[in-house]
Amino acid sequence: AVTQNTTVSEGAKGAGGSSSSVAARRPCRGSRGTRARDASLGVRVEGESAPVLVDDVREGESLTPLLPVFAAEGIGALAFVPLAIGPKLLGKFMLYYAEPHAFDEHEVMTAQTIAAHVAFAIDQQEHRESERRYRDLLECVGVAIYTTDADGYITFYNEEAAKLWGREAEIGVDRWCGSLGVCTPEGDPIALETSQIGITLRTGH
C-alpha cells in the first residue's frame with residue numbers, strides 16, 4: 001500500500017513487503033527514530049530525511065506502548081523511507097517483516113529507489129492539480145487572458161480571450177496572439193511580431 005503517508009506491506013511476512021508513509025533514514029536499532037503516533041501503524045518519524053530502520057520492534061522503551069499494535073499487525077521489524085522531492089517531504093514508504101530482521105544495504109537502496117519513483121509521481125500529480133486549479137481560476141475572472149512561451153507561441157487562453165479574438169486559437173501554433181490580424185486605431189494593419197506582445201517578449205519591456 002502506498003499512502004501520502006504511503007505503506008507497502010511485506011510480501012510473505014519476511015520477504016520484505018512495503019507500505020508507503022513518510023520518514024527518514026538512519027540505522028536505528030529499535031528505539032531511535034519512532035517518536036509519535038501515526039494513523040496507519042501507530043508510528044511516525046519526524047524531522048529527518050534519511051531512512052529509519054527498526055530491526056526489532058521489541059527493543060527500545062519508546063516502542064513499548066506500541067507493541068500491542070505491532071502484535072496485532074504481525075510486525076516484528078520496520079523500515080521507514082522518506083518520500084521526498086528535494087527538501088519537500090511528501091510521505092513515507094514503509095517496509096515491515098513479521099519477525100525481527102536486520103535490513104541490509106541492498107534492501108534499503110531498493111526501497112529508496114522505489115520511494116523516489118513514488119515521490120516523483122505524487123509531486124507530478126500535485127503539480128497537475130495545482131495547474132488545473134490555476135486554469136480554472138483564469139477561466140472565471142471575466143476578462144481576456146492568454147499566455148505564451150518565450151518564443152511567443154500561445155500556451156493558454158481563456159474563453160474571454162477567444163471571444164475577443166473572434167476565434168479559437170491553436171495552442172503551440174498561433175503566435176503572439178490569437179487574432180488573425182491587429183490594426184492601429186486608424187485601421188492600419190500591424191504585423192503581429194511588431195505588436196506590443198511581440199515587442200515585450202523580444203525586449204522584456
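E107 lies in helix 2 of this predicted model. Is E107 buried or exposed? Its relative accessible area is 17%. The cut-off for buried is under 20%, so E107 counts as buried. Which residues does E107 touch, once neighbours within four places in sequence are set aside? They are Y97, H101 and A102. Now look at L95, which sits 12 residues from E107 along the chain. The C-alpha atoms of E107 and L95 are separated by 9.5 Å.

Follow helix 2 along its length. The helix runs through residues 105–139 and holds 35 residues. At 1.5 Å a residue, it should span 51 Å. Its end C-alpha atoms are 51 Å apart, so the expected span and the model agree. The N-terminal end of helix 2 has a cap, D104. A side-chain oxygen of D104 lies 3.2 Å from the backbone nitrogen of H106. E107 is one of the buried residues of helix 2. Others include V108, A111, A115, V118 and A119. Further along, I122, D123 and L138 are buried too.

Helix 2 also helps build a core. The largest nonpolar core has 16 residues. Within this core, L83, F93, L95 and F103 touch the most other members. Which elements give two or more residues to this core? They are strand 5 (77–85), strand 6 (88–97) and helix 2. The largest share, 6 residues, comes from helix 2. Another core lies apart from this one. It has 11 residues, among them L63, L66, L78 and Y96.

Next, go to N158. This residue is in the loop between strand 8 (154–157) and helix 3. N158 has a relative accessible area of 2%, so it is buried. What does the side chain of N158 reach? It reaches the backbone oxygen of L138, at 3.0 Å. L138 is itself a buried residue of helix 2. Leaving out residues up to four places away in sequence, N158 touches L138, E139, V141, V143, A144 and I145.

Move on to D174, in the loop between helix 3 (159–165) and strand 9 (182–183). D174 has a relative accessible area of 16%, so it too is buried. Its side chain makes a polar contact of 3.1 Å with the side chain of R167. R167 is also among the residues in contact with D174 when neighbours within four places in sequence are left aside. The others are G152, Y153, I154 and A169.

Two cysteines deserve a look. A disulfide is a covalent bond between the sulfur atoms of two cysteines. How many disulfides does the model have? The count comes to 0. C140 has a relative accessible area of 66%, so it is exposed. C177 is at 8% relative accessibility, so it counts as buried.

Finally, step back to the whole protein. Its secondary structure comes to 4 helices and 10 strands. Along the sequence, the pattern reads β-β-β-β-α-β-β-α-β-β-α-β-β-α. Buried residues make up 37% of the 205 residues. Take the contacts with a separation of 6 or more: 49% of them come from residues 24 or more positions apart. The protein exposes about 11,400 Å². Carbon and sulfur atoms supply 55% of that area.

Note on methods: Residues numbered from 1 in each chain as written. Predicted model: local features only at pLDDT ≥ 70, side-chain atom pairs only at ≥ 80, totals over all residues. Heavy atoms only, no water. Buried < 20%, exposed > 50% of the residue type's maximum accessible area, 1.4 Å probe, protein only. Polar contact = N/O pair within 3.5 Å; in protein donor to acceptor, adjacent residues only side chain to side chain. Contact = heavy atoms within 4.5 Å. Expected span 1.5 Å × (residues − 1). Areas by Shrake-Rupley, 256 points an atom, 1.4 Å probe, with all protein chains shown as cover. Core = buried A, V, L, I, M, F, W, Y, C linked by side-chain atoms within 4.5 Å. Disulfide = S-S within 2.5 Å.
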